[in-house]
Structure formats: structure tokens, C-alpha cells
Amino acid sequence: VQLQASGGGLVQAEGSLRLSCAATGGTFGDYALGWFRQAPGKERDFVARISWNSGNTLYADSVKGRFTIARDNAKNTVYLQMNSLKLEDTAVYYCAADAPPWSMGTRRYSYRDYNYWGQGTLVTVSS
């Protein structure tokens, strides 16, 4: 599967942004999907994850209550709605797909356990 992330940009603190990640190839509904982010000089961190049927979602503590992950299997697209953005949310955001057998437990939070990656989209939050 190929993933293409979009929707990044410059936004003021407390603003909102919605990222999209469109998939081509493969069977989109087979994959669990995640969003990660990487700030300059830092590791790639887990942001959110959604199961193949949207029945289960996970969030990093730092974004709980502010970010929402969703998917539309008919459109082969996963979204990340980001509200109340903070300066520390500035990063390149990556979407990723976890192929079956899906990761379990803490592996769902690790970028090493995702099989496919999009190219990243830059989100810059300004004061």
C-alpha cells in the first residue's frame, strides 16, 4: 500500500488543522492505521492509532482530548483532526499502516511495528 499525507501547514496556537492520508494499492480495510510525528532532533513519536474497523482508537497522552483519528474505508483515507494546537505540536506528521497480523499491546505505539509509511506533512504551530 502507498500512503500520501497532506493537510499540514502553518497555524496559530489554539487553532485547528486536519491531516489526511490517502492510500492506494492493497486492501485499505485490512490495515490498522496510525499517525506519528517527529520534531527536529527527536525520535518519531506515536500520536494516534485506529483499528481496521474504527472499533478501537489509541492516543498519546499529550494529544488526548485535542486530536481525533478517523478513517473512511470507502475513500481509503485516514484523518487526524487536531484542535487546540500547541507550540509543542510542531513536527512532521507521518501516517503509517500496520498490516495483519496487527501489532498488539505496546507494539501498537512503536513506529518499528508499522509496515508502510507516508512521506510526512509538516505542521508548524506559531504563537
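Which residue in S3 is the bridge partner of Gln2? Hold that thought for a moment, everyone, and thanks for coming. One caution before we look: this is a predicted model, so please listen with that in mind.

Now, the answer: Gln2 has Thr24 as its bridge partner in S3. That bridge belongs to the pairing of S1 with strand S3, residues 17-24, where the two are antiparallel and share five bridges. For anyone who has not thought about sheets in a while, strands of a sheet pair through backbone hydrogen bonds, either parallel or antiparallel.

Let's step back to the sheet these strands belong to. It is an open sheet of four strands, in the order S1-S3-S8-S7, and the pairing is antiparallel. At the edges are strand S1, at 2-6, and strand S7, at 67-72, each of which pairs on one side only. From one strand to the next, the twist averages 15 degrees.

Moving across the sheet from S3, we come to S8. S3 and S8 run antiparallel and are joined by six bridges; in one of the pairings, Ala22 has Thr77 of S8 as its bridge partner. On to S7: six bridges join S7 to S8, again antiparallel, and here Arg71 is partnered by Val78 in S8. S7 and S8 form a hairpin with four residues between the strands, and in that hairpin Asn76 takes a positive phi near 55 degrees.

So is S8 enclosed or open to solvent? Strand S8 covers residues 77-82, and because five of its six residues are buried, S8 is largely enclosed by the rest of the structure.

Let me move to another strand, S9. Seven of the eight residues in S9 are buried, so this strand too is largely enclosed by the rest of the structure. What does S9 pair with? One partner is S4, which runs antiparallel to S9 and is joined to it by seven bridges; Leu33, for example, has Ala97 of S9 as its bridge partner. Another is strand S11, residues 121-126, which pairs with S9 in the antiparallel sense over three bridges, and there Val92 is matched with Leu122 in S11. Then there is S10, also antiparallel to S9, with two bridges between them. In S10, the residue opposite Ala97 is Tyr116. You may remember Ala97 as the bridge partner of Leu33.

Now for the aromatic residues. How many aromatic pairs does the structure hold? There are eight. Take Phe36 and Tyr114: their pair is edge-to-face, 4.9 Å centre to centre, with 80 degrees between the planes. The two residues are 78 apart, with Phe36 in strand S4 (residues 32-38) and Tyr114 in the loop between strand S9 (91-98) and strand S10 (116-117), so to speak a link between distant parts of the chain. Both Phe36 and Tyr114 are buried.

A second pair is Tyr94 with Trp117. Their ring centres are 6.4 Å apart and the planes meet at 80 degrees, so this pair is edge-to-face. Because Tyr94 lies in strand S9 and Trp117 in strand S10, the pair ties together parts that are 23 residues apart in sequence. Are these two buried or exposed? Tyr94 is buried, with a relative accessible area of 14%, while Trp117, at 26% relative accessibility, counts as partly exposed.

These four residues belong to one aromatic cluster, made up of Phe36, Phe46, Tyr94, Tyr109, Tyr114 and Trp117. Arg44 joins the picture here: it lies over the face of Tyr94, 3.7 Å from the ring centre. The charged end of Arg44 also sits over the ring of Trp117, at 4.8 Å from its centre.

Last stop, Gln12, in strand S2, residues 9-12. Gln12 is exposed, with a relative accessible area of 55%. Leaving aside residues up to four places away in sequence, Gln12 touches Val125, Ser126 and Ser127. There is also Lys86, 74 residues from Gln12 in sequence and 8.3 Å from it in space, C-alpha to C-alpha.

That's my tour. If you want one thing to look for on screen, try Arg44 over the face of Tyr94.

Key: Residues are numbered from 1 along each chain as its sequence is written. This is a predicted model: local features need pLDDT of at least 70, side-chain atom pairs count only at pLDDT 80 or more; totals for chains, interfaces and linings use all residues. Side-chain values use heavy atoms; hydrogens and water are left out. Two strands pair if DSSP finds at least two bridges between them. Axes are lines fitted to C-alpha atoms, for helices over the stretch in contact, and angles run from 0 to 180 degrees between N-to-C directions. Buried means under 20% relative accessible area, exposed over 50%, partly exposed in between (1.4 Å probe, protein chains only). Contact means heavy atoms within 4.5 Å. Rings of Phe, Tyr and Trp (its six-membered ring) pair if their centres lie within 6.5 Å; planes under 30 degrees apart count as stacked, over 60 as edge-to-face and the rest as tilted. A charge sits over a ring if NZ of Lys or CZ of Arg is within 6 Å of the ring centre and within 35 degrees of the ring normal.
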